[in-house]
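Biologist: Before I use this model at the bench, I would like to go through the terms used for it. Please set each value against its definition.

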Amino acid sequence: MQRLFSTVIVAAIVFCSFAHAEENWPQFRGPTGQGVSDAKNLPLHFSDTQNVKWKTAIHGKAWSSPVIWKDQIWLSAATADGHELSAVCVDKNTGKILIDQVLFHIETPQFCIAFNSYGSPTPCIEEGRVYITFGSAGTACLDTKNGGVLWRRTDFVCNHFRGPGSSPLLWDGLLIMNFDGSDFQFIVALDKTTGKTVWKTPRSIDYKDLGADGKPRGEGDFRKAFSTPRLMPFEGKPTIISIGSHASYCYDAFNGKEIWRTEYRDGHSGSLTPVVGDGLVYIGTGAGATELWAIKPGGHGVVNDTNVVWKVKKKVPTRPSPVLVDGLLYMTNDAGIVSCVDAKSGDEIWHGRIDGKYSASPLYGGGRIYFFSEDGKVAVLAAGREFKQLAENTLDAGIMGCAAVSGNALYIRTKTSLYRIEDAGQH
């Protein structure tokens, strides 16, 4: 009972507002897992020469986002051919590389499309430990003091088909990860101290009979997904929301038992991270029939007929996840059409266009939404009930991963470098 009480309290805190600008950014999309920061003075204008405290070149090709704990920034790195998979630690204050070490030597890497990278999953971090995964190629836990490897796992069989993408979730002694490949699809929880498997749950949907036209559509792209699991407290218990291909799931966080799921026969390769708030769960159906669904949690089994509150079928992204702020969902589709919808009804409030193509999820901070493009442009929009672009900034190369925040600084990884960006006038 004490464990249950403590975990519910921790889970609830995750979704509460913070009393001060957070210094730690411990996982994909930050402390809440939703790309929301309480920082009030993030920079509005910046470039390669303006409001840059430091810029550090990062070797290889990897799209993982930076995570931050105290004065350390950790990210993964990989060679373009996938033979060497590394961990990199950067000093938050100076930009100096403190640790740069190869974790896995891969003799025969899986195929990875040029658009993706072998280092796309984002690490997660806590006091004294950082957890870095490259999907089925390997997962490792490192001591943040010296980079020493505390444990490794290389035994999960999963053909990512286009390359890995799902990031881990750290919760109550467990490291939780999605594995959705063309061959095997499951979610697994490891003991964070030892790396041993605590529970493992196969996806329950039947991939052999999914076509709306009655024809089998269960191979290759139709089975894989890239989404990151999310913690959601519900009715006093912690649950995990997880998007696979053709379905989204709710699991008991303690044992991995499936509680309910929604199915969508024409959507696959889900990449959006679930967003939780206002009593609803927001999920993307992926490629194919790309839609955004609002789901009321609860029930058992397949809950399409009872729990799907609304669907948005236009201007919906396949890769960048939405941001939920004050009852409004902000998002950009892959082509730069941005929109704002009412989180309760799904009704569109406004839409507009920003320059570029988008894979990275947007970030909210200080009344602004930041959108990061594949060619290095960062559009800044005002949060609210009208479309208002405040700035467009440009960095040296494309941005594929999500930005991190510590204090009032932005930490942005481009295809070549890691930046610390902050308004010099705020010092």
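The exchange below takes the terms in turn.

Modeller: This is a predicted model, in which local features need pLDDT of at least 70 and side-chain atom pairs count only at pLDDT 80 or more, while totals for chains, interfaces and linings use all residues. Residues are numbered from 1 along each chain as its sequence is written, and side-chain values use heavy atoms, with hydrogens and water left out.

Biologist: How do you know what confidence the predictor has in the protein?

Modeller: From pLDDT, the predictor's confidence in each residue, from 0 to 100. The mean is 92, and 92% of the residues reach 70 or more. Over residues 1–20, however, pLDDT stays under 50.

Biologist: Why is the protein called as compact as a globular protein of its length?

Modeller: The protein has 2 helices and 35 strands (DSSP runs: H or I of at least four residues for helices, E of at least two for strands). Its radius of gyration, taken over C-alpha atoms, is 20 Å, and the globule rule (2.2 Å times the number of residues to the power 0.38) gives 22 Å for 427 residues; the two are close, so the protein is as compact as a globular protein of that length.

Biologist: What makes a residue buried, and how many count as such?

Modeller: Buried means under 20% relative accessible area, with a 1.4 Å probe and protein chains only. Of the 427 residues, 60% count as buried.

Biologist: What span does the C-alpha trace have along its principal axes?

Modeller: The C-alpha trace spans about 55 × 50 × 45 Å.

Methods. Contact means heavy atoms within 4.5 Å. Buried means under 20% relative accessible area, exposed over 50%, partly exposed in between (1.4 Å probe, protein chains only).
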